[in-house]
Amino acid sequence: MDYPVVIAAPFGRLGVRCEAGELRELRFLPAGMALRPPAPGSLEAEVARQLDAYYADPRHVFTVPRRLLGTPYQLRVWQRIAAIPCGETRRYQDLSRELSSSPRAVGGACGRNPIPVIVPCHRVVASAGLGGFNQSTGDETLDIKKWLLRHELG
């Protein structure tokens, strides 16, 4: 998918998509992807500013307007994930118990989170180890998850 805005992050690049005055999507992109800066004063510029504030201080509270589009189950999972405090983690298994679901279903919802970092799905881990991240268990995405967790633990 093509993103109108591509910004630098400490771990690579992020594609940003806003629509109707709301953030709709952040996507991890390869580190070599060409940057496409946001227009000054745009919502995308505010998203970039708030992400930079998070990189400087992991306790930054995101206030950018956003809309999560997903199934009712996914929305419930994302709401639980958003409530995990900075510097803490929850296991897929624990969330699945709270939601009367399965760890695999929680993992599937985590992987479909349209605005990672802001809805901190990196804070959800497996019972033994990190688990997956962003619909992958590959090194590239797991390295991002490790970076985010290290950043928040300071």
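**Close-up 1. The largest pocket in this predicted model has a volume of about 190 Å³.** Among its 15 lining residues, the ones closest to the centre are His60, Val61, Phe62, Ile118 and Arg123. Sort the whole lining by chemistry and you get 11 nonpolar residues, 3 charged and 1 polar. As for how a pocket like this gets found, rolling a probe the size of a water molecule over the atoms shows where empty space is left.

**Close-up 2. Strands β1 and β2 make a hairpin.** Here β1 covers residues 5-9 and β2 covers residues 12-19, with 2 residues sitting between the two strands. They run antiparallel and are joined by 5 bridges. To pick out one of those pairings, look for Val5, whose bridge partner in β2 is Val16. Is β1 largely enclosed or left open by the rest of the structure? It's largely enclosed, because 4 of its 5 residues are buried.

**Close-up 3. Arg24 sits in strand β3, which spans residues 22-29.** You might wonder whether this arginine, Arg24, is buried or exposed. Arg24 counts as buried because its relative accessible area is 16%, under the 20% cut-off. Its side chain makes a polar contact of 3.1 Å with the side chain of Glu22, in the same view. Looking beyond residues up to four places away in sequence, Arg24 touches Arg17, Cys18 and Glu19, plus Arg67, Leu69, Pro114 and Ile115.

Terms used:
Residues numbered from 1 in each chain as written. Predicted model: local features only at pLDDT ≥ 70, side-chain atom pairs only at ≥ 80, totals over all residues. Heavy atoms only, no water. Buried < 20%, exposed > 50% of the residue type's maximum accessible area, 1.4 Å probe, protein only. Polar contact = N/O pair within 3.5 Å; in protein donor to acceptor, adjacent residues only side chain to side chain. Contact = heavy atoms within 4.5 Å. Pairing = 2+ DSSP bridges. 1 Å grid on protein atoms, 1.4 Å probe; cavity = no way out; pocket = protein on both sides within 12 Å on 5 of 7 lines; lining within 4 Å. Points joined across faces, edges and corners; volume = space filled by probe spheres on them. Nonpolar A, V, L, I, M, F, W, Y, C, P; charged D, E, K, R; others polar.
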